[in-house]
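Take a walk through this structure, from a sheet to the spaces enclosed within the fold. Keep the model open as you read.

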Amino acid sequence: MKHNLQKLSLLGLMFCMVFSVWGQDYPTLNEQAQRLRNLANSSNLASLKSLTKTEGGKDVWMLTLGKGDMENKPAIAVVGGVEGSHLLGVEMTIRFAEGLLSDHAATLDHTTFYVFPNMSPDAYEQYFAALKWERSGNARATDDDRDGQVNEDPFNDLDNNGKITMMRVADATGDWIMHPADDRIMIKADKSKGEKGMYKLLTEGRDDDKDGSFNEDNVGGIHFNRSLTYQYDFFKPGTGEHPVSEPENRALLDELYTKWNVYAIFTFGPGNNLSSPWRYNARGASQRIVTSIQQEDADLNKLLSDEYNKTVGLKDAPASVDQGGDFYQWAYFHFGRLSLSTPGWWAPMVKGDSTMKPNADKNREVNFLRWAQQEGLNDYFQPWQKISHPDFPGKEVEVGGISPFAMMNPPISMIDEVSDKHNQFIVELAGMQASVEVNNLKVEEVGRGMTRITMDLYNPGTLPTHTQMGSRSRWLRNIKVELKLGNGQEVISGRRVQMISNIAGDGSQQLTWLVKGSGSLVLEAGAPHVGIVSTNINLK
């Protein structure tokens, strides 16, 4: 015990040292790897391995946190970096691992954690490049416009500021207008309100291949969060030639499919079913190809959403970004696990004052600019700057907009509290997990060398042993209840081995057997994702 405390104290010191190296910015890939190695080297509760290398030669790390028979304890997978430009998700995933070991190590007595900090390291690296743009894809060369050429129409830094933002082109045939509350922000004209477009809005660049499109074949690669199997978009840029085409996707799924003890997957990403839970749709839930959360799971999602909002306290969440091929929907619809996701942070709504024009539609970009100004931040917006553009002779063209990475990733100095609260919620989730207990065991002699055994198999957890989707898809193992007989023993009534598909939270199922013989036997019950219990029984 003393040895473990010494290791955890050393862990805390290393944590502070690593933070002092990179100060107030997000860590590089090398700095992330060093922090993960520090965890594995400073605690016997952690082990680290590289699942694979990406097309760009970057490691995809897996950190296992646990003790004892880890693969027969209920487990939660925590995943970050599903969206390459979401630096915050990677940081909060690593901080979860660090915080679990330093502040919540007792949780590992009953729960194993598999932590995958960064599933998009190739894209993540763009934040540190000389030219910054919000990248989602890996390093694979792709022909996104399918013209037989690869990456021939990339972004162009027209204002030479090292950032790719937007271009607005004054044109009566365009669909865009300035937002009435802030003319720095562009919105689509609402023709139903009599609004007329005044601008075309494009990403910053030139039509290098002269095909009429801009930046449509950039250095893009395959997006981790668009190339999973659920509602996969075939033949779309960033999705790959087929689902799970990339080493990082394949390696993660291969690993998860061997972890039968995983009952929940927590994702830091653009999807959000914690601030607002998924809604049940009877038609979508009953189709052969399911497109809606199942009703019992919707009730569970609502329960956990309420707990999340109570614990974390973030309000006014933006709409969830759900898209075909994304990870957290795959985790539920195709993997059958409890799947929870959150961006982890967003700019809080600013009320404004009498000097500000009303943000009537609560536009998120307008709100972000007001929040950033209120916080005294720098470099969050690139002012619109007029340029001469070869593809738009004689037209007014401006380059500018919100800086890349700014809206999804607050200054790292601001995330201490929100990171701690997310850690607390995940620990609370582990405290709700299902398990099994043998209760009300009765062993009765009934004559003629026979004994009646009766017991209640009880789930003391808040969560059910199986999601409804998991039972439907059969991707969660049933609870196995087995009488392990001794010599000369025989089950006269009841099944020696029984399979139970689900026990509700705080629910139970009664089982009974009639056994002939004498001596002792073992009653064993459980599954990897709820744990396994055994009881010795002496026959009468």
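In which sense do strand β15 and strand β19 pair, and over how many bridges? The two strands run antiparallel, and five bridges join them. Residues 479-484 make up β15, and residues 520-527 make up β19. Keep in mind that this is a predicted model. One facing pair helps to fix the register: E482 stands opposite E524 of β19.

Now widen the view to the whole sheet. Four strands form an open sheet in the order β17-β15-β19-β20, and the pairing is antiparallel. Which strands stand at the edges? They are β17, residues 497-500, and β20, residues 531-538. Each has a single partner strand, so one side of each is left without a neighbour in the sheet. From one strand to the next, the twist averages 15°.

Next, look for enclosed space. Rolling a probe the size of a water molecule over the atoms shows where empty space is left. Here, four cavities reach 30 Å³ or more. The largest cavity holds about 100 Å³ of space. Its lining comprises 13 residues, and those closest to its centre are Y263, L463, P464, T465 and H466. What is the character of the lining of the largest cavity? Eight of its residues are nonpolar and five are polar, with no charged residue.

Move on to the second largest cavity. About 60 Å³ of space lies there. Its lining includes W278, I293, Y332 and T467. D297, L300 and N301 also belong to the lining, as do L338, S339 and L340. N273 is another lining residue. Two elements, α7 (295-312) and β10 (338-342), each supply at least two residues of this lining. By class, the lining of the second largest cavity divides into six nonpolar residues, four polar and one charged.

One residue of that lining deserves a separate look. N301 lies in helix α7 and helps to line the second largest cavity. Is N301 buried or exposed? Its relative accessibility is 2%, so N301 counts as buried, the cut-off for that class being under 20%. Which residues does N301 touch, leaving aside those up to four places away in sequence? They are N273, P277, W278, I293 and L340. Among these contacts, N273, W278, I293 and L340 also appear in the lining of the second largest cavity.

Note on methods. Residues numbered from 1 in each chain as written. Predicted model: local features only at pLDDT ≥ 70, side-chain atom pairs only at ≥ 80, totals over all residues. Heavy atoms only, no water. 1 Å grid on protein atoms, 1.4 Å probe; cavity = no way out; pocket = protein on both sides within 12 Å on 5 of 7 lines; lining within 4 Å. Points joined across faces, edges and corners; volume = space filled by probe spheres on them. Nonpolar A, V, L, I, M, F, W, Y, C, P; charged D, E, K, R; others polar. Buried < 20%, exposed > 50% of the residue type's maximum accessible area, 1.4 Å probe, protein only. Contact = heavy atoms within 4.5 Å. Pairing = 2+ DSSP bridges. Axes fitted to C-alpha atoms, helices over the stretch in contact; angles between N-to-C directions.
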